[in-house]
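Thanks for sharing this one. Below are some notes to read alongside the structure, starting with a single residue and working outwards.

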Amino acid sequence: MRVAILDDYQASALKLADWGSIPNAVVVPFTDHVHEEKQLIDRLSEFEVVLRIRERTEFPRSTLERLPKLKLLLATGMRNARSIDLPAARDLGITVCTTEAYHQTTVEITWGLILMLMRRMSLEAASLRNGGWQLGLGLGLAGRTLGILGLGNMGQPVARIGQGFGMRVVAWSPNLTPERTAPHGVECVSKEELFANSDVITIHIPHSDTTEGIVSAADIARMKRSAFLINTSRPRLVDQSALLDALFHHRIAGAGLDVFDVEPLPLEHPYRYLQNVIATPHIGFVTEENYRLFFNQSIENLKAFLDGKPIRVIS
């Protein structure tokens with residue numbers, strides 16, 4: 001049995017889990033990413049089992065149909081329905097299992113981006129490294145307004161940390177009500193008010209057909225010139241053309257981004273060089289703890305499948 005591990009950028013899969021515990025398995029990690037569907041199919045044509053790390057590689061019906069040897073797709077994390085064609089997998093007799101994930105790691109990256117932007121930490125650190133000293137003035141958080149899109153599992157801890165910094169915290173999502181925000185000490189406001197009045201806006205809404213493009217050009221146009229936009233959720237929640245235009249013309253102060261339409265981010269993309277952007281390479285979930293969880297539960301899933309009693313099945 002051949003097992004492929006896709007997009008293992010850090011070459012960590014074989015180090016963090018005991019793949020040798022699976023009898024007669026040949027485990028092959030790939031540390032690069034394949035964008036073209038034909039290349040992906042050629043790479044995976046001889047594998048019965050494929051593990052993918054989060055949503056780095058998509059599996060539409062057209063791909064699954066051309067992998068006749070594939071019997072088990074090991075997904076990681078709980079959100080897979082938009083990047084794996086689950087009905088196609090069922091039709092083709094491919095079992096799809098997944099794992100749990102630690103979500104607080106993305107909250108950590110969210111606050112890292114906010115602090116780097118407001119306190120100019122990357123600029124000041126680069127100045128020091130290059131022999132310089134203080135370059136400018138940062139912005140304190142106390143007394144400023146933090147606007148959160150989505151007050152769920154991610155939004156709530158983000159709100160608590162903002163409150164700890166002395167920020168006023170407001171929130172909006174399509175179905176959010178004052179009764180739901182009040183226990184968290186958060187004010188429920190309209191979408192228009194949130195974008196017009198917040199000093200920092202951070203997005204924590206799941207990507208679905210109804211939320212795609214939920215941050216529109218009109219929303220970005222409402223933002224204060226001194227405001228920052230943070231996106232550690234999904235890129236397609238935001239009108240990317242409008243965001244880039246606002247950043248190019250300094251109509252907002254800046255953006256902190258951990259998710260992108262194309263990943264890895266192309267070398268020539270403006271997010272790599274714009275001075276008012278702090279961009280990280282989609283590391284919200286990339287921690288040793290999450291990877292140990294992904295790989296070890298994937299091994300459990302594979303063993304259960306081989307025993308004829310698959311677990312954590314989503315298709």
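1. Which residues does N290 touch, not counting residues up to four places away in sequence? They are A101, Y102, T105 and F285. Please keep in mind throughout that this is a predicted model.

2. One of those partners deserves a second look. Y102 and N290 are 188 residues apart in sequence, yet C-alpha to C-alpha they are 6.0 Å apart in space.

3. Is N290 buried or exposed? Its relative accessibility is 1%, and because buried means under 20%, N290 counts as buried. This residue lies in helix α12, so let us turn to that helix next.

4. Helix α12 covers residues 288-306, 19 residues in total. At 1.5 Å a residue it should span 27 Å, and its end C-alpha atoms are indeed 27 Å apart, so the expected and computed values agree. After α12 comes G308, which has a positive phi, near 80°.

5. N290 has company in α12: the helix's buried residues also include Y291, L293, F294, F295, Q297, S298, I299, N301, L302 and A304. What do the buried residues of α12 pack against? On the strand side of the list are β1 (2-6), β3 (49-52), β4 (72-74) and β5 (95-97); the helices are α1 (13-16) and α5.

6. Now for the domains. The assignment for the chain gives domain 1 as 2-102 + 287-307 and domain 2 as 103-279. Their C-alpha centres lie 32 Å apart. How many residues are in contact between them? On the domain 1 side there are 11, and these meet 12 residues of domain 2.

7. You may also like to inspect the second largest pocket, which has a volume of about 710 Å³. Its lining draws on both domains, with at least three residues from domain 1 and at least three from domain 2. Among the elements, α5 (104-118), α6 (121-129) and β12 (277-279) each supply at least two lining residues. Helix α5 thus appears twice in this note, since the buried residues of α12 pack against α5 as well.

8. Which residues of that lining lie nearest the centre of the second largest pocket? Of the 33 lining residues, they are Y271, V277, I278, A279 and T280. By residue class, the lining divides into 21 nonpolar, eight polar and four charged residues.

How values were computed: Residues are numbered from 1 along each chain as its sequence is written. This is a predicted model: local features need pLDDT of at least 70, side-chain atom pairs count only at pLDDT 80 or more; totals for chains, interfaces and linings use all residues. Side-chain values use heavy atoms; hydrogens and water are left out. On a 1 Å grid over the protein atoms alone, a cavity is a set of points where a 1.4 Å probe fits but cannot get out, and a pocket is an open set with protein on both sides within 12 Å along at least five of seven lines; lining residues have an atom within 4 Å of a point. Grid points are joined across faces, edges and corners, and a volume is the space filled by probe spheres set on the points. Helices (H or I, at least four residues) and strands (E, at least two) are DSSP runs, numbered from the N terminus. Ala, Val, Leu, Ile, Met, Phe, Trp, Tyr, Cys and Pro count as nonpolar, Asp, Glu, Lys and Arg as charged, and the others, Gly among them, as polar. Domain bounds come from an automatic or database domain assignment. The expected span of a helix is 1.5 Å times one less than its number of residues. Buried means under 20% relative accessible area, exposed over 50%, partly exposed in between (1.4 Å probe, protein chains only). Contact means heavy atoms within 4.5 Å.
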